[in-house]
Amino acid sequence: MKSQTVLPSEVREHLDVGPGDRVRYVLSPEGVRIEKALPEGDDPFVTFTEWAGSADEEDYANL
């Protein structure tokens, strides 16, 4: 199943996304953040789902 999201043009421009690009949703206590996702295969940590928590996002945000 393929999910699709329609983003307002201002959001697409800010994230620099276009047709076919992927976005990811990051859940936190403050809400949901939308980010441009790296192309599949470009993220060396994509298989490490145990590192996908909000604490990890904060700890590794500036690396």
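What share of the 63 residues in the protein is made up of buried residues? In this predicted model, the buried residues amount to 10% of the 63 residues. The protein exposes about 5,800 Å², of which carbon and sulfur atoms supply 53%. Among contacts between residues at least 6 apart in sequence, 14% join residues at least 24 apart.

Confidence should be considered before the details. The mean pLDDT of the protein is 79, and 73% of its residues reach 70 or more. Confidence is highest in helix H1, at a mean of 94, and lowest in helix H2 (residues 54–59), at a mean of 71.

The architecture can be described briefly. The protein contains two helices and two strands, and their order along the sequence follows the pattern α-β-β-α. Strand E1 comprises residues 23–28 and strand E2 comprises residues 31–36; the two run antiparallel and are joined by six bridges. Two residues lie between E1 and E2, and the strands form a hairpin. Within this pairing, Leu27 stands opposite Val32 in E2.

The pair Leu27 and Val32 leads to a feature of the surface. Together with Tyr25, these residues make a nonpolar surface patch of about 340 Å². Val32, which lies in strand E2, has a relative accessibility of 53%. Because a residue counts as exposed over 50%, Val32 is classed as exposed at that value. In a regular strand, side chains alternate between the two faces of the sheet.

Attention now turns to the charged side chains. By the distance rule applied here, in which a side-chain nitrogen of Lys or Arg lies within 4 Å of a carboxyl oxygen of Asp or Glu, the count comes to three salt bridges. One of them is formed by the side chains of Asp16 and Lys36, with an N to O distance of 3.9 Å. Asp16 lies in the loop between helix H1 (9–15) and E1, whereas Lys36 lies in strand E2, so the pair ties together parts that are 20 residues apart in sequence. The two partners fall into separate accessibility classes: Asp16 counts as exposed because its relative accessibility is 57%, while Lys36 counts as partly exposed at 38%.

A further salt bridge connects the strands of the hairpin. Glu35 pairs with Arg24, and the closest N and O atoms are 2.7 Å apart. This pair links distant parts of the chain, with Glu35 in strand E2 and Arg24 in strand E1, 11 residues apart. Arg24 has a relative accessible area of 35% and is therefore partly exposed.

Glu35 also meets the side chain of Arg33 in a salt bridge, with an N to O distance of 2.8 Å. Arg33 is likewise partly exposed, because its relative accessible area is 38%. Which residues are joined into one network by salt bridges that share partners? The network consists of Arg24, Arg33 and Glu35; Glu35 forms a salt bridge with Arg24 and another with Arg33.

The hairpin thus brings several features together. Strands E1 and E2 are joined by six bridges, Val32 of strand E2 contributes to the nonpolar patch with Tyr25 and Leu27, and Glu35 in strand E2 is linked to Arg24 in strand E1. Lys36, also in strand E2, is paired with Asp16 in the loop between helix H1 and E1.

Note on methods:
Residues are numbered from 1 along each chain as its sequence is written. This is a predicted model: local features need pLDDT of at least 70, side-chain atom pairs count only at pLDDT 80 or more; totals for chains, interfaces and linings use all residues. Side-chain values use heavy atoms; hydrogens and water are left out. Helices (H or I, at least four residues) and strands (E, at least two) are DSSP runs, numbered from the N terminus. Buried means under 20% relative accessible area, exposed over 50%, partly exposed in between (1.4 Å probe, protein chains only). Contact means heavy atoms within 4.5 Å. Accessible areas come from the Shrake-Rupley method with a 1.4 Å probe; for residues, only the protein chains shown count as cover. Two strands pair if DSSP finds at least two bridges between them. Patches are made of residues with over 30% relative accessible area and no salt bridge: like charges are joined within 9 Å, nonpolar side chains (Val, Leu, Ile, Met, Phe, Trp, Tyr) within 5 Å. pLDDT is the predictor's confidence in each residue, from 0 to 100.
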